[in-house]
Amino acid sequence: QVQLGESGGGSVQAGGSLRLSCGVSANTYITSCMGWFRQAPGTEREEVANIRPGYSPNYLDSVKGRFTISKDNAKKTLYLQMNSLKPEDTAMYYCVVGDLRGSDCVWGAWGQGTQVTVSS
């Protein structure tokens, strides 16, 4: 069973940066899809970024050029570096792991989430 643990959320002013981390306890870590979702109050959960074996990372259009997803295989940790943060980035951020089916990710395990709040 995959277990995920996020950290790194917090409160920052617009223009600031945060780095989210997600530790993954899974033997299939290296071959799995990994990603970050977010959900703000009253909105649907949206995929922010994902990283798939053999593919370039994907990003939500609104975060392209500001966010970077990466992972450290030795540490089994997924990261999301968030720069030039905007108030509209305020949300609960979730780490997620899934299986690669063809070129698509089928998401399975979810973390508990870490809150990011950006003030103007």
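Trainee: Where does Cys95 fall, buried or exposed?
Mentor: This is a predicted model, so the values come from computation. Buried means under 20% relative accessible area. Cys95 has 0% relative accessibility, so Cys95 counts as buried.

Trainee: And which residue does a disulfide join to Cys95?
Mentor: Look for the sulfur that sits 2.0 Å from the one in Cys95. That counts as a disulfide because the cut-off is within 2.5 Å. The partner is buried too, with a relative accessible area of 0%. It's Cys22.

Trainee: How many residues apart are Cys22 and Cys95?
Mentor: Cys22 is in strand β3 (residues 18-25), while Cys95 is in strand β9 (residues 91-101). The pair links distant parts of the chain, and the separation is 73 residues.

Trainee: Left-handed or right-handed: which is the disulfide of Cys22 and Cys95?
Mentor: Check the torsion about the S-S bond, which is about -80 degrees. That angle is why the disulfide of Cys22 and Cys95 is left-handed.

Trainee: How many disulfides does a search of the whole structure find?
Mentor: Besides the Cys22 to Cys95 link, a disulfide joins Cys33 to Cys105, with S to S 2.2 Å. The link of Cys33 and Cys105 is left-handed, with -85 degrees about the S-S bond. Searching the whole structure gives a total of two.

Trainee: Which strands hold Cys33 and Cys105?
Mentor: Both of these cysteines are buried. They are 72 residues apart in sequence, so the pair ties together separate parts. Cys33 lies in residues 33-39 and Cys105 in residues 104-110, which are strands β4 and β10.

Trainee: What is the pairing, numbering the bonded cysteines in sequence order?
Mentor: Cys22 goes with Cys95, and Cys33 goes with Cys105. In sequence order, the pairing is 1-3, 2-4.

Note on methods
Residues are numbered from 1 along each chain as its sequence is written. This is a predicted model: local features need pLDDT of at least 70, side-chain atom pairs count only at pLDDT 80 or more; totals for chains, interfaces and linings use all residues. Side-chain values use heavy atoms; hydrogens and water are left out. Helices (H or I, at least four residues) and strands (E, at least two) are DSSP runs, numbered from the N terminus. Buried means under 20% relative accessible area, exposed over 50%, partly exposed in between (1.4 Å probe, protein chains only).
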